[in-house]
Amino acid sequence: MKLKLKIISISIIGLCSSLASAVQLIDPPSTPKVSNITVFVAKKIVTMDPAIPNATAVAVADGRILSVGSLEDMKPWTDKYPTQINRDFANKVVYPGFIEPHAHPLLAGILFNKPLLTPSPMPNPWGAPFPGVPNLQAAINQLKKYSDNIKNPNETLLAWGYDVVAMGKLPDRQLLDQASSTRPIIVWDISGHDMYVNSAFIKSYGLTPEKVKSVKGVGLDKDGQLNGQFLEIPAISYILSIAGKDVLKPNEIPTDYLYMSDLMQQGGITTSGDLAFGTLNIDTELKIAKDFSQSAAGALRIVPVVYADPFIQKYGDKAIAEAQALKQQDNDRLIFQGVKFYSDGGYLPETMRMENPGYTDGSVGSTNYKSAQEFAGAMRPWWDAGYHIHIHSNGDVGNLHSINALQLMLDAKPRFDHRYTINHFGIASTAMVMKIKALGAVVSANISYISERAKLEYPALGVDRASYATRLGTLVRNGIVTSIHSDAPVSAPVPLKEAWTVVTRRDVYNDGKVWAPAEAVTAADAMKMITINAAYTLGVEDKVGSIEAGKFADFAVLDADPQTVPAMKIKDVGVYATVLGGKVIPVSETKKPRSSK
């Protein structure tokens, strides 16, 4: 009996040790350092805390929230410490700072500052928006204009935002040669997954079929020559490896980051994920992120999620240890959290894997793994290390592999609070939603698939699947924690437009058609998706996402309450200011370039 008890005891200890390594621990609260208190008084404060859903005052000290309630309720604090009452928001509505759970702030800042070819208008925090190019000929004319405006004839031109579906043609070198046959040109697709180059680029960088034969996704013409198409992440990573130094200029990057910070601030965002940290260059991105997190000009907290592949390529068997070591760089504005994998191709360029029933033209797209077993095998070391895993997943096969891989990993090593997150969630069945619920996964959906893409995608997908892309209503009704995102630079980060879309299911740029109205959600659920649910998706809900004592004093200050205005007006609610760690940043102060120091 003693032996049996000893074995049971050892087993329990082992189990507890295993669970401890897998569970995401909540940081203990730090000892309060109360000096001067600022009490912000507002017409209405929507806390996203169900215990105290509404308030009219919030007390802040040293960047943190002390208390929430009425001005009278603040007395236990204000009677003891020097206090300033700030009534600048007396006629405003205050929400927790909005959270962008899936974006690429550095890459988006770089690309939004490049010559644009987007079909839809693109906002500019410091000036007039780019109006968009309406058709293929307009895109080529715009590209030629960009080339002609560059004085150095040998300088490589990078343009961002070409849309294969909207333009109706997959570019090749001959098409881009119409813009210039002498200047090297790279056109980066709006999905971020594909690049196209002209003949001058191929010649200038000495590319040959033999030289790139080991690079997956490189296109060849009928004669076996390079056709200028570099499709999916490995192929575009190759282009960046040889030309990145010529088109991604270090001296411009601080301004690029500030550009994105200001654009997000104007949308009410105070925290953003960086959902593929290390894609460009691990060391360079780390330096930039650290510098930005210490810059007084920034108005944003960043939560980097490392991209597994470049860490594995650089560090091999030490990849996980090197990724874990990044936590040592954390500060209040830089919080490393999680790892990312790609399940399949892109939604926008119609390269995601679709098999049941596939695309209307008979094609099926691509997936990065042949089976869920193969996908689970790639992720398992990170799963076993206790990582919060984020999955890029779009097509029906990609989503199925993502869900089934989770089940395989859970079967092999159960984990509590694994927070496995399926990002984008393009085409999914009701059965997939039910299994996501059963497995305890989380979803962060790209709602631009409805607001900007449905009309473009339905010829290839059919009206039904294009309509119910991002099944938000079904997710909410099943009790699945759901957030929404822009995937900037894929679309602009405008949380209230995203909230408007999930409430109305309307096309924002075309004819206002309502797509799958049964998948609409309430305004209350929509606002959770850009605040507390988004924080949970990133694993920082103990720090941001609601207005609660102890959390960072991060707020979005609005002209009206999106939950009480007519649904059609949600996207038109003005953002007056953000507050980051108690510091008020009026939108008016981010409308022009300034020093990034």
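This report walks through a few local features of a predicted model.

## Ser147 in helix H4

Let's start with Ser147, which sits in helix H4, spanning residues 136-148. Ser147 has a relative accessible area of 4%, so the residue counts as buried, the cut-off being under 20%.

What joins the side chains of Ser147 and Arg183? A polar contact of 2.9 Å links the two. Arg183 also appears in the list of residues that Ser147 touches once neighbours within four places in sequence are set aside, together with Leu157, Ala179 and Ser180.

## Leu226 in strand S10

Next comes Leu226, a residue of strand S10, which covers residues 226-231. Is Leu226 buried or exposed? With a relative accessible area of 4%, Leu226 is buried.

Leaving out neighbours within four places in sequence, the residues in contact with Leu226 are Arg173, Ile202, Leu207, Thr208, Pro209, Val212, Val218, Gly219, Leu220 and Asp221. There is also a C-alpha distance to look at here: Asp172 lies 54 residues from Leu226 along the chain, and their C-alpha atoms are separated by 9.2 Å.

## How H13 and H14 pack

Two packed helices are described by the angle between their axes and the distance between the axes. For helix H13 (residues 372-384) and helix H14 (residues 396-412), the angle is about 55 degrees and the axes are 8 Å apart. H13 and H14 are therefore oblique to each other, since an angle of this kind falls outside the ranges for roughly parallel (under 35 degrees), roughly perpendicular (65 to 115) and roughly antiparallel (over 145). Their crossing is right-handed.

On the H13 side, the contact is made by Ala372, Gln373, Phe375, Ala376, Met379, Arg380 and Trp383. H14 contributes His401, Ser402, Asn404, Ala405, Leu406, Leu408, Met409, Leu410 and Ala412. Sorted by class, the residues of this contact are eleven nonpolar, four polar and one charged.

## Helix H20 and the residue after it

Our last stop is helix H20, residues 495-504, which is mostly covered. How many of its ten residues are buried? The count is ten of ten. Those buried residues are Pro495, Leu496, Lys497, Glu498, Ala499, Trp500, Thr501, Val502, Val503 and Thr504. Lys497 and Glu498 are among them, as are Trp500 and Val503.

Just after H20 comes Arg505, whose phi is positive, at about 55 degrees.

Terms used:
Residues are numbered from 1 along each chain as its sequence is written. This is a predicted model: local features need pLDDT of at least 70, side-chain atom pairs count only at pLDDT 80 or more; totals for chains, interfaces and linings use all residues. Side-chain values use heavy atoms; hydrogens and water are left out. Helices (H or I, at least four residues) and strands (E, at least two) are DSSP runs, numbered from the N terminus. Buried means under 20% relative accessible area, exposed over 50%, partly exposed in between (1.4 Å probe, protein chains only). A polar contact is a pair of N or O atoms within 3.5 Å; within protein, one must be able to donate a hydrogen and the other to accept it, and residues adjacent in sequence count only if both atoms are side-chain atoms. Contact means heavy atoms within 4.5 Å. Axes are lines fitted to C-alpha atoms, for helices over the stretch in contact, and angles run from 0 to 180 degrees between N-to-C directions. A crossing is left-handed if the near helix is turned anticlockwise from the far one by less than a right angle, and right-handed if clockwise. Ala, Val, Leu, Ile, Met, Phe, Trp, Tyr, Cys and Pro count as nonpolar, Asp, Glu, Lys and Arg as charged, and the others, Gly among them, as polar.
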